[in-house]
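Trainee: Could you help me see how the terms for this model are justified? I would like each label set against its definition.
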Amino acid sequence: MLLSAVLSLSAGASPSASLREQEIAQCLPGELQTWGDGRDRPAAAAALNFVLEPEGAPAWFDAATVLLAVRTAAKAWSPCGVAAQVTLTPSATAHAGAAGMVRVVWSEAGSAGNMGLANLSQKTLSLNPAMFALLRKVNPQHDARETLQMVVSHEMGHFFGVMAHSRRCVDVTSYYNDGKGQTCSIRGGGKLTPGVEYRSTLPTACDIARCKAANGTGERP
């Protein structure tokens with residue numbers, strides 16, 4: 001998912017950078033808002049194992065770059081309290097169906113036309129090489145590693161149980177709009193700057209709070 005606005009990103013910094021940093025770091029009462037397009041639930045397994053199969057990646061994304069993105073996302077989700085590890089395995093030796101295993105693959109079909117897609121029933125996190133190629137063609141100045149990180153972090157969140165998409169623009173699990181005229185929110189009523197990515201590349205405090213609530217791993221009174 002996450003296709004809208006990605007192709008027209010600029011390299012400029014958001015004028016609300018300090019506010020954005022505050023929103024990433026803290027989750028205030030009443031800010032846990034979603035589009036209502038799903039229902040959060042416990043993680044796909046008590047312990048997750050994200051297995052990267054590097055075949056099929058665009059030439060400019062070597063295995064080390066993609067592996068780093070997956071490991072960074074898994075580490076960023078770890079405060080949720082669900083154990084996760086990341087391994088690099090050629091597809092020929094991957095053991096599909098192992099408990100808690102999620103295959104991270106490059107598949108245009110598996111991504112269903114999106115930048116990436118989490119399929120919980122198939123236990124796959126698919127990245128779309130065609131969409132990343134289009135991004136590189138349309139916006140060659142943009143650092144595609146940032147988009148890669150954001151997409152991996154977003155889709156990985158679904159395996160941690162964060163199913164509904166956030167209406168808080170900064171959350172990595174967010175959508176900017178619902179396609180029906182409604183837009184996400186910025187603290188204080190701020191507006192998105194056209195062409196500038198406001199969404200975090202990693203889970204925010206609110207993303208983690210929702211993950212803890214879904215898994216019962218938050219602090220108890």
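Mentor: Gladly, and let us begin with contact, which means heavy atoms within 4.5 Å. By that cut-off Met156 touches Phe50, Val70, Ala73, Ala74, Trp77 and Leu125, leaving out residues up to four places away in sequence. The model is predicted, so local features need pLDDT of at least 70 and side-chain atom pairs pLDDT 80 or more, while totals for chains, interfaces and linings use all residues. Residues are numbered from 1 along each chain as its sequence is written, and side-chain values use heavy atoms, without hydrogens and water.

Trainee: What makes Met156 stand out in the largest nonpolar core?

Mentor: Met156 is among the residues with the most contacts inside that core, together with Phe50, Leu127 and Leu148; the core has 37 residues. A nonpolar core is a set of buried Ala, Val, Leu, Ile, Met, Phe, Trp, Tyr and Cys residues joined through side-chain atoms within 4.5 Å. Buried means under 20% relative accessible area, exposed over 50%, and partly exposed in between (1.4 Å probe, protein chains only). Apart from this core lies another, of eight residues, including Trp35 and Tyr175.

Trainee: Why is the pair of Phe50 and Phe159 called edge-to-face?

Mentor: Rings of Phe, Tyr and Trp (its six-membered ring) pair if their centres lie within 6.5 Å; planes under 30 degrees apart count as stacked, over 60 as edge-to-face and the rest as tilted. The centres of Phe50 and Phe159 are 6.1 Å apart and the planes stand at 85°, so the pair is edge-to-face. Phe50 belongs to strand S1 and Phe159 to helix H5, 109 residues apart; helices (H or I, at least four residues) and strands (E, at least two) are DSSP runs, numbered from the N terminus. Both Phe50 and Phe159 are buried.

Trainee: What makes Phe61 and Phe132 an edge-to-face pair?

Mentor: Their rings lie 5.6 Å centre to centre with 80° between the planes, which fits the edge-to-face label. Phe61 is in the loop between S1 and H2 and Phe132 in helix H4, so this pair ties together parts 71 residues apart in sequence.

Trainee: How do you know that Arg136 lies over the face of Trp60?

Mentor: A charge sits over a ring if NZ of Lys or CZ of Arg is within 6 Å of the ring centre and within 35 degrees of the ring normal. Arg136 is placed over the face of Trp60 at 4.3 Å from the ring centre.

Trainee: How do you know that S1 and S2 pair?

Mentor: Two strands pair if DSSP finds at least two bridges between them. S1 and S2 have six, in the parallel sense.
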